[in-house]
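Here is a friendly walk through the structure, for anyone meeting it for the first time. Have a look around, then read on.

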There are 2 protein chains.
Amino acid sequence: MTRQLHFNLFLHDTGHHEASWRLPESDPNANLSLAAHQHLTRVAEDAKFDSVFLADSPVLWSDPGRRPAGKLEPTLLLAALAATTTRIGLIATASTSYNEPYNLARRFASLDHLSGGRAGWNIVTTAGEAAARNFGLTDQPLHKTRYERADEFLQVSTKLWDSWTDDAIVADKESGIHAVRDRVRDIGHHGTHFQVQGALNVPRSPQGWPLLVQAGSSDNGREFAARWAEAIFVANPTLAESQEFYADIKRRAVAAGRDPDHVVVLPGIVPVIGDSPAEALELEADLERLISPEYAVGTLATVLGVDVGRLRLDEPLPADLPAEDEIEGHKSRRTLIVEWARRDNLTVRQLIGKLGGGRGHRTFTGTPVQVADTIQHYFENGAADGFNIMPAVLPSGIEAFAAKVVPILQERGLFRTEYTGRTLREHYGLPRPANTLELING
Amino acid sequence: MTRQLHFNLFLHDTGHHEASWRLPESDPNANLSLAAHQHLTRVAEDAKFDSVFLADSPVLWSDPGRRPAGKLEPTLLLAALAATTTRIGLIATASTSYNEPYNLARRFASLDHLSGGRAGWNIVTTAGEAAARNFGLTDQPLHKTRYERADEFLQVSTKLWDSWTDDAIVADKESGIHAVRDRVRDIGHHGTHFQVQGALNVPRSPQGWPLLVQAGSSDNGREFAARWAEAIFVANPTLAESQEFYADIKRRAVAAGRDPDHVVVLPGIVPVIGDSPAEALELEADLERLISPEYAVGTLATVLGVDVGRLRLDEPLPADLPAEDEIEGHKSRRTLIVEWARRDNLTVRQLIGKLGGGRGHRTFTGTPVQVADTIQHYFENGAADGFNIMPAVLPSGIEAFAAKVVPILQERGLFRTEYTGRTLREHYGLPRPANTLELING
């Protein structure tokens with residue numbers, strides 16, 4: 001069979017455009033609505049998407065004055081969605097800096113059992129002082145320290161997921177033996193950041209481990225991804241940058257001793273679909289007009305690490321911005337934005353317009369055939385194994401993509417017309433990990 | 001209207017009897033099955049129960065060799081159950097010793113939003129060294145320290161739940177104002193155990209706070225319950241003990257300045273229902289015969305804080321057991337068991353037989369009318385506001401209770417025939433808490 005595309009829907013309330021909640025058709029409280037998320041997930045499942053995904057940070061991240069800022073906790077929301085779906089994968093973001101491995105490994109193992117093998121974990125280290133201050137710290141841990149903790153967090157988590165062998169449960173009613181006792185082992189982890197003694201209180205789950213997903217693209221982030229990630233979300237504004245990233249990640253995976261096909265690269269794209277090219281461009285312009293520049297400029301200043309007063313709407317970015325290695329979070333996003341603004345010679349106002357829709361992700365604007373062509377071009381030219389679909393407006397954006405773009409790609413033999421697997425790993429063509437405990441004991 | 005009974009179903013895989021998984025009809029992996037939990041919850045909802053409940057501890061608690069030991073994380077499992085139910089309350093146990101308030105307060109607020117106001121939190125401090133060792137500690141914190149942390153955990157959580165006023169969200173599309181900024185406030189908590197700066201990233205939920213439930217009945221536990229709990233699960237083997245506990249808790253609530261009707265007392269009972277008294281007694285005896293004494297004696301030794309070698313199956317308990325104040329967990333359960341064994345002059349084997357079904361909870365054995373009579377007697381004689389129903393075998397035990405006992409109580413006008421409220425608080429007749437932030441600012 002031809003190599004197949006993969007699609008993830010990035011769930012985001014009324015859409016990824018920051019002003020999408022202000023459209024007449026939008027439910028401005030969709031962020032808190034199970035029904036709204038059920039609808040989006042059903043559309044994606046009907047279109048045979050590999051997965052849906054929720055971003056997260058344990059902090060009030062955006063200004064509640066300007067957009068829906070409340071976020072239901074992703075593992076709970078996806079557990080609820082597991083109950084009303086049967087095939088689509090469910091990927092939750094969770095922080096290694098502000099959780100305990102025993103609790104979080106257990107939640108993902110539980111989600112994998114509840115969903116019959118459809119759980120994925122987008123591993124984040126959580127930038128920002130505001131999050132740190134919700135957890136007893138006065139400032140965020142250093143970028144490097146966060147990644148070191150993340151690495152040990154994954155070591156502990158994988159040991160916990162493997163603390164029951166796959167054949168541990170025999171459930172012999174006659175003898176009264178439920179599990180074979182020596183197939184359930186304490187992990188006895190004694191590390192730098194964590195001391196964790198016990199076996200997990202959840203048996204090994206259908207996928208063994210949840211699918212491991214990652215999205216940081218700083219150097220630390222890429223190294224971490226090469227070691228652990230099986231799917232990667234990335235923001236690349238140009239084809240050339242996607243190609244560079246794709247080649248770099250596959251190279252790093254090989255260097256880490258892994259099969260490069262077992263690291264699926266999924267750039268984020270914002271599809272803007274019109275029945276004619278002109279209509280599509282008009283839709284894109286409509287969205288830019290909805291932005292409140294006064295609010296957006298504050299968000300931009302935070303990411304760039306400068307005082308908001310230094311950004312003038314109708315001037316280019318200041319020349320003397322802090323360098324990537326001077327800031328402790330959002331490193332790769334900061335660099336991407338700065339390079340984009342300078343390359344295209346954008347004013348702050350123009351830059352905000354571009355970022356309002358895609359926040360650094362590529363906008364694919366055009367007719368359904370044009371959008372499908374661009375997807376195919378990326379896919380066949382070393383830039384992507386699939387895409388993280390981030391519609392500017394929801395649910396209409398995913399409804400249009402499912403109804404108009406997906407059938408074209410199916411006709412071209414590039415995307416499944418039926419699910420062939422049961423688990424999230426099977427959708428992405430990724431192996432079920434062997435149990436490291438069995439390997440040690442075997 | 002006559003004062004009404006309340007019923008909670010304590011979900012427990014194939015039943016509360018430790019050997020229930022060995023019955024021919026039992027699914028020995030029901031503990032990991034969403035479908036099994038959906039069925040139990042549906043039976044309880046059809047019978048108009050107030051709530052279902054899941055116990056928990058972040059540790060592999062029971063011996064996986066002898067019974068299904070895996071436990072899906074309760075907030076996730078209840079989120080999944082929220083998606084397929086509409087009225088019944090959903091109460092999850094979670095530990096104040098091994099969670100961070102920002103994360104846990106957020107999960108309960110999320111569950112309350114997802115379920116339309118049906119979330120409850122059974123607050124536990126988590127006894128035991130084994131749990132401590134999963135979280136970087138070498139021994140458990142002292143009982144008193146655990147309760148002090150629990151108290152501050154509740155202070156932080158309630159501030160977080162109140163960090164958005166009920167009228168914070170205006171969602172004015174025209175002006176682009178989503179929430180009124182000064183109706184969302186940082187909590188700035190600086191305490192002994194916690195430093196938490198931010199507002200919660202979830203707006204105030206339908207119930208304001210989840211229903212607060214508690215089950216510890218040591219002196220520290222009762223004081224904590226009097227301050228915070230709105231519903232209390234308790235194990236009382238006799239009517240007299242239930243009456244003593246009921247009166248004591250209501251008195252403590254009044255002393256804490258609360259309305260005693262706003263603390264609902266729910267003793268745990270194990271209904272064993274037969275069509276004749278003889279059949280019911282036979283069912284009870286059948287269950288006792290299924291126990292493995294060698295396994296159960298180990299569990300008993302742990303709770304009593306003695307070496308397992310000191311317990312002889314056909315002798316009474318040793319005279320020189322450690323006193324309640326010498327052990328750091330399960331204080332009230334230890335005392336209850338010791339007093340029960342001594343009062344009824346039980347051998348270890350007989351004691352294990354009694355504990356196998358109810359673990360210190362009262363067994364109500366008899367015909368449907370006899371069971372209904374006992375329930376009514378407790379309810380009308382100062383011993384209970386309702387009951388925590390703990391069938392020895394599931395699903396048959398709740399199916400029998402729903403089909404045979406509930407209709408008798410409905411005919412007597414003691415239990416609802418339809419839900420009259422939408423939220424868990426409304427089912428239990430408890431008020432929605434005022435927003436403390438509004439009170440401070442008002």
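## Before we start

One term comes up again and again: two residues are in contact when they have heavy atoms within 4.5 Å of each other. Also keep in mind that what you see is a predicted model.

## Chain A as a whole

Let's begin with chain A, which carries 15 helices and 13 strands. Its C-alpha atoms fit in a box of roughly 75 × 55 × 40 Å along the principal axes. A compact globule of 442 residues would have a radius of gyration near 22 Å, and chain A agrees, with 22 Å.

Inside, 63% of the 442 residues of chain A count as buried. If you take the contacts between residues at least 6 apart in sequence, 76% of them link residues at least 24 apart. On the outside, chain A has an accessible surface of about 16,000 Å², and carbon and sulfur atoms account for 51% of that. As for charge, the 45 positive and 57 negative charges of chain A have mean positions 2 Å apart.

## How the two chains pair up

Turn chain A by 180 degrees, with a shift of 0.0 Å along the axis, and it lands on chain B with an RMSD of 0.0 Å. That is how a two-fold axis relates two copies. Which residue of chain A comes closest to the rotation axis? It's Ala80(A), with its C-alpha at 2.0 Å.

The copies meet through the same surface, because 100% of the interface residues of chain A are interface residues in chain B too.

## A helix tucked away

Now for helix α2 of chain B, residues 74-82. Nine of its nine residues are buried, so the rest of the structure largely encloses this helix. Among those buried residues are Pro74(B), Thr75(B), Ala80(B) and Ala82(B).

What does the covering? Chain A contributes α2 (74-82) and α3 (101-114), among others. From chain B itself, the cover includes α1 (34-46), β2 (51-54), β3 (89-95) and α3 (101-114).

## A valine in a loop

Val202(B) sits in the loop between β8 (195-196) and β9 (211-214) of chain B. Is Val202(B) buried or exposed? It's buried, with a relative accessible area of 1%.

Leaving out neighbours within four places in sequence, Val202(B) is in contact with Gly70(A), Lys71(A) and Leu72(A) from chain A, and its contacts in chain B include Arg106(B), His113(B) and Trp164(B). Ser110(B) is another of its contacts: the two are 92 residues apart in sequence, yet 7.1 Å apart in space, C-alpha to C-alpha.

Notes: Residues numbered from 1 in each chain as written. Chains lettered and ligands numbered in written order. Predicted model: local features only at pLDDT ≥ 70, side-chain atom pairs only at ≥ 80, totals over all residues. Heavy atoms only, no water. Helix = DSSP H or I, 4+ residues; strand = E, 2+ residues; numbered from the N terminus. Rg over C-alpha atoms; globule rule 2.2 N^0.38 Å. Buried < 20%, exposed > 50% of the residue type's maximum accessible area, 1.4 Å probe, protein only. Areas by Shrake-Rupley, 256 points an atom, 1.4 Å probe, with all protein chains shown as cover. Lys, Arg positive; Asp, Glu negative; His and termini not counted. Charge placed at Lys NZ, Arg CZ, Asp CG, Glu CD. Least-squares fit on C-alpha atoms with pLDDT ≥ 70 in both.
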